[in-house]
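Subject: Structure handover

Hi,

Here is the structure I promised to pass on to you. Could you keep it open while you read my notes underneath?

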Amino acid sequence: MGRKNNGRVSRIGSYAIASSITDDTCFSCTTFNILAPIYKRLSHEDPNYRESDVKQVWLKRNKMILDWLLCERSSIICLQEFWVGNEELVSIYNKRLGDAGYNSFKLARTNNRGDGLLIAVHKDYFRVISHKELLFNDVGDRVAQLLHVELIPRFSQCRSNNICQEILIVNTHLLFPHDSSLCLERLRQIYKILHYVESYQKENKLNPLPILLCGDLNGSKSGHVYKFLRSLGFISSYDAAHMYTDADAHRWVSHRNHRGNICGVDFIWLLNPNRYRKLLRTSWGEALSGMLKYQLKRALFTEDSAFAFLRRNDHGHCITYLDFCEALQQLNLIGHCYGLHTEEIRELWVQADVDGNGVLDYEEFKQRIWNAYSGQGEKVSDGVWDDAVYGTEQTIGFSIKNAVLFPTEVEKGLWPEDYSLSDHARLTVVFSPVRMPCSRVATGMGRVVSEEL
């Protein structure tokens with residue numbers, strides 16, 4: 001409940017859904033960009049005057065953040081813009097989280113940027129199997145964390161010799177889209193993460209596990225990253241909990257950026273084993289096609305004029321590879337450090353050249369570029385597997401029981417002027433385990449019936 005503070009009612013616990021869980025089979029996850037003091041400006045007149053220059057200010061704010069997190073008591077905590085470069089702040093978080101029963105892991109961005117990530121899991125809920133660090137080494141010096149954990153015996157209903165009880169947790173903070181030319185790099189970052197997760201599962205001979213992908217994705221529901229994740233079967237937990245569709249994107253926000261714009265960029269994505277829909281490489285190729293189509297439409301091309309633009313020169317009314325590369329450069333998709341790589345251009349071309357004759361005719365362009373990629377996923381309730389057969393072995397997936405954003409105003413698409421804890425809202429989601437068959441890649445299709453525990 002709220003607590004009185006100087007005559008006002010504090011809402012510190014009003015939406016602490018994690019601490020109010022009564023079902024022992026449920027667990028919660030919180031993601032929060034806590035705004036590193038090295039980035040928080042204290043003066044509009046002097047943009048170089050940062051919170052990191054005034055110890056009592058950043059110390060007070062971060063103690064409040066920890067108060068809120070420990071009041072929430074989520075089973076999983078994923079933080080972005082954690083000030084890893086300050087030993088005193090790191091020590092405070094380590095001590096308070098450790099005393100509260102958490103195992104925590106931090107990861108700095110490359111090139112000594114000063115901030116990074118922190119992920120913590122409560123010992124009462126999870127046993128840590130492995131922690132992996134992913135360094136993108138890209139223009140934004142971004143990183144990601146992969147935590148492989150096992151649900152521990154408190155989930156007694158889940159304990160069985162033939163039930164896999166493991167989960168992969170990813171924490172990341174993608175590049176900010178300072179301009180549209182960075183959209184490709186952000187898409188590439190999420191692809192690197194998913195490729196790493198896929199490789200980790202293969203190298204460790206794991207059946208498909210549930211994946212929670214958490215963090216500040218610096219992109220909205222209309223962006224390429226969102227559509228790419230949806231195409232792979234990921235579910236936006238907050239949207240699913242509130243039964244929001246793409247048409248409801250305006251209903252919630254989670255960030256007021258340095259330009260003063262408010263938008264929804266913080267997500268906890270869920271991918272259950274029965275939602276693995278297609279090969280990652282296939283979806284990546286489709287996403288590249290979607291990026292090309294986006295740039296063509298942004299340049300106000302119609303289907304016919306886009307084909308004419310790509311054709312560049314008249315080569316028997318077909319597009320040659322040279323034409324294709326020249327057009328990509330005109331669209332600003334190549335020719336700079338974060339543009340399409342040579343292998344990506346070739347992959348995009350090979351995907352479009354259906355008959356492999358070295359040129360693209362109009363039908364190939366229409367089928368593989370203009371109409372190829374919508375980025376839409378299936379309905380949340382669908383349980384169709386692609387390329388899967390079933391045995392007696394089972395695994396655990398998760399249903400979404402509840403999801404809230406704090407401060408509460410952001411759930412109505414508003415940003416409260418009196419909120420100063422961060423420039424991001426805190427997102428918490430409650431999950432409940434469900435039992436489902438385990439996927440093994442093969443041929444055929446089927447429908448999964450999930451049993452809630």
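Below I go through what was found, from the chain as a whole down to a single residue.

First, the ground rules. This is a predicted model, in which local features need pLDDT of at least 70 and side-chain atom pairs count only at pLDDT 80 or more, while totals for chains, interfaces and linings use all residues. Residues are numbered from 1 along each chain as its sequence is written, and side-chain values use heavy atoms, with hydrogens and water left out.

**The chain overall**

The protein chain has 10 helices and 22 strands; these are DSSP runs numbered from the N terminus, helices being H or I with at least four residues and strands E with at least two. Of its 453 residues, 55% count as buried (under 20% relative accessible area, with exposed over 50% and partly exposed in between, using a 1.4 Å probe on protein chains only). Among contacts (heavy atoms within 4.5 Å) between residues at least 6 apart in sequence, 73% join residues at least 24 apart.

**The six-stranded sheet**

One open sheet has 6 strands in the order β7-β8-β10-β11-β15-β12, with mixed pairing. Two strands count as paired if DSSP finds at least two bridges between them. At the edges stand β7 (126-135) and β12 (235-236), each with a single partner strand, so one side of each has no neighbour in the sheet.

Going inward, β8 (residues 143-151) and β10 (residues 166-173) run antiparallel and are joined by 7 bridges. β10 then pairs with β11 in the parallel sense over 6 bridges, with Asn 171 opposite Cys 214 in β11. From β11, 6 bridges lead to β15 (residues 266-271), and these two strands run antiparallel; here Leu 213 has Trp 269 in β15 as its bridge partner. As for cover, 6 of the 6 residues of β11 (residues 211-216) are buried.

Elsewhere, β3 (residues 27-33) and β4 run parallel, joined by 5 bridges, and Thr 30 stands opposite Ile 77 in β4. β4 (residues 76-82) is mostly covered too, with 7 of its 7 residues buried.

**The core**

The largest nonpolar core has 111 residues, and those with the most contacts inside it are Ile 193, Leu 212, Phe 228 and Phe 324. A nonpolar core here is a set of buried Ala, Val, Leu, Ile, Met, Phe, Trp, Tyr and Cys residues joined through side-chain atoms within 4.5 Å. Helix α3 (residues 183-203) gives the most to this core, with 9 residues. Beyond four places in sequence, Ile 193 touches Leu 134, Phe 136, Ala 144, Val 170, Thr 172, Leu 174 and Leu 213.

Phe 324 is also one of the buried residues of helix α8 (residues 321-330), along with Asp 323, Cys 325, Ala 327 and Leu 328. Their cover includes α6 (280-298), α7 (303-311), β16 (319-320), α9 (342-352) and α10 (362-370). Just after α8, Asn 332 takes a positive phi of about 65°.

**A closer look at Ala 144**

Which strand holds Ala 144? Ala 144 is found in β8, where it stands opposite Thr 172 in β10. Ala 144 is buried, with a relative accessible area of 2%. Its contacts beyond four places in sequence include Leu 107, Leu 117, Lys 132 and Ile 193. Arg 109 is 35 residues from Ala 144 in sequence, yet their C-alpha atoms are 8.9 Å apart.

**The largest pocket**

The largest pocket holds about 970 Å³ of space. Of the 31 residues that line it, the closest to its centre are Leu 35, Tyr 39, Arg 41, His 258 and Asp 423. A pocket, on a 1 Å grid over the protein atoms alone, is an open set of points where a 1.4 Å probe fits, with protein on both sides within 12 Å along at least five of seven lines; lining residues have an atom within 4 Å of a point. Grid points are joined across faces, edges and corners, and the volume is the space filled by probe spheres set on the points.

I hope these notes help you find your way around.

Best wishes
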